[in-house]
Amino acid sequence: MHTRYRTTNWSDYNASLKRRGSLSIWFDPEMLWQAEQSGKRG
């Protein structure tokens with residue numbers, strides 16, 4: 001069973017995320033990627 005955490009202080013939470021650093025995502029424009037359709041969202 002998973003434990004659920006509720007964030008009550010959003011300003012502190014957002015500030016802590018900013019302090020953690022940045023996330024860089026690189027995309028290769030020549031890459032072809034096609035997902036199989038599952039009929040589900042997301």
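Let's start with Tyr13, a residue that sits in helix α1. Keep in mind that you are looking at a predicted model. Helix α1 covers residues 10-20, and if you scan the rest of the fold you'll find that the protein has one helix and zero strands.

Now, is Tyr13 buried or exposed? It falls between those two words: its relative accessibility is 36%, so Tyr13 counts as partly exposed. The reasoning is simple, because buried would mean under 20% relative accessible area and exposed would mean over 50%.

Next, look for ring partners. How many aromatic pairs does a search of the whole structure find? The search turns up one. That pair is Trp10 with Tyr13, and its geometry is edge-to-face, with 5.6 Å from centre to centre and 90° between the planes. If you wonder why two values are quoted, it's because a pair of aromatic rings is described by the distance of the centres and the angle of the planes. The label edge-to-face fits because planes over 60 degrees apart get that name.

Where do the two partners lie along the chain? Both Trp10 and Tyr13 belong to helix α1, and they are three residues apart, about one turn of the helix. These two residues also show up together on the outside: Trp10, Tyr13 and Leu17 make a nonpolar surface patch of about 310 Å².

Time to move along the chain to Ser38, which you'll find in the segment after α1. With a relative accessibility of 55%, Ser38 counts as exposed, because the cut-off for that word is over 50%. Try finding Trp26 from there: Ser38 and Trp26 are twelve residues apart in sequence, and their C-alpha atoms are 26 Å apart in space.

Finally, zoom out to the whole protein. Its C-alpha trace spans about 40 × 30 × 15 Å along the principal axes. What share of the 42 residues is buried? The answer is 0%. The accessible surface adds up to about 5,600 Å², and carbon and sulfur atoms account for 51% of that. As for charge, there are 7 positive and 4 negative side chains, and the centres of these two sets lie 20 Å apart.

Conventions. Residues are numbered from 1 along each chain as its sequence is written. This is a predicted model: local features need pLDDT of at least 70, side-chain atom pairs count only at pLDDT 80 or more; totals for chains, interfaces and linings use all residues. Side-chain values use heavy atoms; hydrogens and water are left out. Rings of Phe, Tyr and Trp (its six-membered ring) pair if their centres lie within 6.5 Å; planes under 30 degrees apart count as stacked, over 60 as edge-to-face and the rest as tilted. Helices (H or I, at least four residues) and strands (E, at least two) are DSSP runs, numbered from the N terminus. Patches are made of residues with over 30% relative accessible area and no salt bridge: like charges are joined within 9 Å, nonpolar side chains (Val, Leu, Ile, Met, Phe, Trp, Tyr) within 5 Å. Accessible areas come from the Shrake-Rupley method with a 1.4 Å probe; for residues, only the protein chains shown count as cover. A salt bridge is a side-chain nitrogen of Lys or Arg within 4 Å of a carboxyl oxygen of Asp or Glu. Buried means under 20% relative accessible area, exposed over 50%, partly exposed in between (1.4 Å probe, protein chains only). Lys and Arg count as positive and Asp and Glu as negative; His and the chain ends are not counted. The place of a charge is taken as NZ of Lys, CZ of Arg, CG of Asp or CD of Glu.
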